[in-house]
Amino acid sequence: MRISTKGRYGLTIMIELAKHYGEGPLPLRKIAEEKNLSEAYLEQLVSPLRIAGLVKSVRGAYGGYLLAIPPSKISAADVIRVLEGPIQPVEGIEDEEPPQQQLWLRIRDAVKQVLDTTTIEDLANYNDDVEYDGYMFYI
């Protein structure tokens, strides 16, 4: 599964809005400047997020965008599904042999589980000081 810039930048928008949750609207211009991204592209991405009910827009001189619901209630999967569509590593798995079908389904389920259980709040509160408990393999 490949997440395009739509999904990646959409998550960036949502994380920045979560960091400012409760502080009022945040202009996309500010996110674009801080992250060195195209404001016009961010405008294109925020529209489907607004339609999906994840963000609200506020017009005016002090306007911008804010999360429509608490960041703890929005999963990374919510954002990815809105911007990228269904989560599936391979299209047309029904044409595959049973062993490959099972592999693709297991991969899909693992990715969905990670995205479904990771909230925007988790991502906004990410701390580089946390040690990753990765696997160690010995040969």
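D116 is partly exposed, with a relative accessible area of 36%. In this predicted model, D116 takes part in a salt bridge with R81, and the closest N and O atoms of the two side chains are 3.1 Å apart. R81 belongs to helix α4, which covers residues 76-84, whereas D116 belongs to helix α5, which covers residues 98-117, so the pair ties together parts that are 35 residues apart in sequence. R81, like its partner, counts as partly exposed: the relative accessibility of R81 is 32%, and that of D116 is 36%.

The general principle behind such a pair is simple. Side chains of opposite charge can pair when their charged atoms come close. The distance of 3.1 Å between R81 and D116 falls within the limit of 4 Å that is used here to define a salt bridge. By this rule, four salt bridges are counted.

D116 also appears among the contacts of another residue, S75. This serine is placed in the loop between strand β2 (64-67) and helix α4. Leaving aside residues up to four places away in sequence, S75 touches L115, D116, T118, T119 and I120. Is S75 buried or exposed? Its relative accessibility is 8%, and because the limit for a buried residue is under 20%, S75 counts as buried.

A further salt bridge joins R108 and D109, with the closest N and O atoms 2.8 Å apart. R108 is partly exposed at a relative accessible area of 26%, and D109 is likewise partly exposed at 39%.

Attention may now turn to the beginning of the chain. E16 and K19 form a salt bridge in which the closest N and O atoms are 3.4 Å apart. Why are these two residues separated by about one helical turn? They are three residues apart in helix α1, which spans residues 5-19, and so about one helical turn lies between them. The two partners fall into separate classes of accessibility: E16 counts as buried at 5% relative accessibility, whereas K19 is partly exposed with a relative accessible area of 42%. The pair also belongs to a wider arrangement, since a network of salt bridges links E16, K19 and K35.

Some charged residues are grouped in another manner. E33, E34, E39 and E43 form a negative surface patch. The elements that contribute two or more residues to this patch are α2 (28-35) and α3 (39-51). One member of the patch, E33, is located in helix α2. E33 is exposed, its relative accessible area being 58%.

The loop between α2 and α3 contains N36. What is notable about the backbone of N36, given that it is not a glycine? N36 has a positive phi of about 55 degrees. This residue counts as exposed, at 71% relative accessibility.

Another loop, the one between α4 and α5, holds I93. Unlike N36, which is exposed, I93 counts as buried, with 17% relative accessibility. The value of 17% places I93 in the buried class because that class takes in residues under 20%. Which residues does I93 touch, not counting those up to four places away in sequence? They are Q101, W104 and L105. By contrast, R50 lies 32 Å from I93 in space, C-alpha to C-alpha, and the two are 43 residues apart in sequence.

These local details can be set within the whole protein. The protein has six helices and two strands. Read from the N terminus, its elements follow the order α-α-α-β-β-α-α-α. Its C-alpha atoms fill a box of roughly 60 × 35 × 25 Å along the principal axes. The protein has 139 residues, of which 29% count as buried. Among the contacts between residues at least 6 apart in sequence, 64% join residues that are at least 24 apart.

The surface and the charges complete the description. The accessible surface of the protein comes to about 9500 Å², and 49% of this area belongs to carbon and sulfur atoms. The protein carries 15 positive and 21 negative charges, and the mean positions of these two sets are 7 Å apart.

How values were computed
Residues numbered from 1 in each chain as written. Predicted model: local features only at pLDDT ≥ 70, side-chain atom pairs only at ≥ 80, totals over all residues. Heavy atoms only, no water. Helix = DSSP H or I, 4+ residues; strand = E, 2+ residues; numbered from the N terminus. Buried < 20%, exposed > 50% of the residue type's maximum accessible area, 1.4 Å probe, protein only. Contact = heavy atoms within 4.5 Å. Areas by Shrake-Rupley, 256 points an atom, 1.4 Å probe, with all protein chains shown as cover. Lys, Arg positive; Asp, Glu negative; His and termini not counted. Charge placed at Lys NZ, Arg CZ, Asp CG, Glu CD. Patch = residues over 30% accessible without salt bridge, like charges linked within 9 Å, V, L, I, M, F, W, Y side chains within 5 Å.
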